[in-house]
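Reader: Before we discuss terms, please show me the model, and then let me ask how each label is justified.

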Amino acid sequence: MITIRPSHQRGHANHGWLDTRFTFSFADYYDPAHMGFRALRVINDDRVSGGAGFPMHGHRDMEIITYMLDGVLAHKDSMGNGAEIRAGEVQRMTAGSGIRHSEFNPDSEKPARLLQIWIVPRERGLPPAYEQRMYTPEDKDGRLVLIASGDGRDGSMKIEQDVSLHAARLQPGASVEHALSPGRHAWLQVARGSVRLGDATLEEGDGAAISDVSRITVEGVSDAEFLLFDLA
């Protein structure tokens, strides 16, 4: 079964410096029909204006993944990490027992765009942790690359939940396949362009919940980039 979550039905907030769309309920946007999917709790499509950003704030007991699409963010946190996250890079934080961080767009003119993802961890009170990796367009062209997983296999970043997160870029007509083990589910999120999933065409910002399916085939309709979550 495939259930489409159309982009235009997502929640929306515009704070001037931040224009964001919520796939699932978040902050002041509440929709009891869209509280998350399995362990996947948040997918926010954020656009941060130049010279603006998120001030220092705290999180607990959440796996937080930042997937940078455009621009750059400067990161600082209470563990002493400080780094710039550029387009193509992925940041992973285990908030665990508590972490504070800030994200600021240092480019005064160019906006930054990112997908912020929250995943409910396997247990509470874990030690906070931080990791950052670059995945080039060539890494993702025409293939599903594993960027995060519960066991850190194949060089992926380790997250504290039974979730495997893949990313791919497809040109028109190119396709990738992914097998789902019995009892597993998937979420597909289109970051750019458009893809075909079964009989449906998904555009930028669209998502799809996938259950009771043994194999997924995703085909590029236009130049496209998407994330695929394999979930317990």
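Reader: Which residues line the second largest pocket?

Author: This is a predicted model, and in it the second largest pocket is lined by D141, G142, R169, L170, Q171, A174, R192, D223, A224 and E225. The space in this pocket comes to about 180 Å³, and strand 15 and strand 22 (224-231) each supply at least two residues of its lining.

Reader: What makes five residues of that lining charged?

Author: Asp, Glu, Lys and Arg count as charged, and the lining of the second largest pocket includes D141, R169, R192, D223 and E225, so these belong to the charged class by definition. The rest of the lining divides into three nonpolar and two polar residues.

Reader: Why is H101 called buried?

Author: Buried means under 20% relative accessible area, and H101 has a relative accessibility of 2%, so H101 counts as buried. H101 is found in strand 10, and, leaving aside residues up to four places away in sequence, H101 touches P55, M56, H57, H59, H75, K76, D77 and M93.

Reader: How do you know that the side chains of H101 and E103 are joined by a polar contact?

Author: A polar contact requires a pair of N or O atoms within 3.5 Å, one able to donate a hydrogen and the other to accept it; the contact between the side chains of H101 and E103 is 2.8 Å, and the one between the side chains of H101 and H59 is 3.3 Å, so both values fall within the cut-off.

Reader: Which residues line the largest cavity, and what makes it a cavity?

Author: The lining consists of F54, I64, T66, L73, Q91, M93, H101, E103, L114 and Q116. The term cavity applies because a 1.4 Å probe fits there but cannot get out. The volume of the largest cavity is about 40 Å³, and the structure holds one cavity of 30 Å³ or more.

Reader: How do you know that strand 13 and strand 15 are paired?

Author: Two strands pair if at least two bridges are found between them, and three bridges join strand 13 (residues 145-149) to strand 15 (residues 163-170), which run antiparallel, so the criterion is met. Within this pair, A148 stands opposite L165 in strand 15.

Reader: What makes the sheet that contains them mixed, and which strands stand at its edges?

Author: Seven strands form an open sheet in the order 1-20-17-22-15-13-14, with mixed pairing. Strand 1 (2-5) and strand 14 (157-158) stand at the edges, because each has a single partner strand, so that one side of each is left without a neighbour in the sheet.

Notes: Residues numbered from 1 in each chain as written. Predicted model: local features only at pLDDT ≥ 70, side-chain atom pairs only at ≥ 80, totals over all residues. Heavy atoms only, no water. 1 Å grid on protein atoms, 1.4 Å probe; cavity = no way out; pocket = protein on both sides within 12 Å on 5 of 7 lines; lining within 4 Å. Points joined across faces, edges and corners; volume = space filled by probe spheres on them. Helix = DSSP H or I, 4+ residues; strand = E, 2+ residues; numbered from the N terminus. Buried < 20%, exposed > 50% of the residue type's maximum accessible area, 1.4 Å probe, protein only. Contact = heavy atoms within 4.5 Å.
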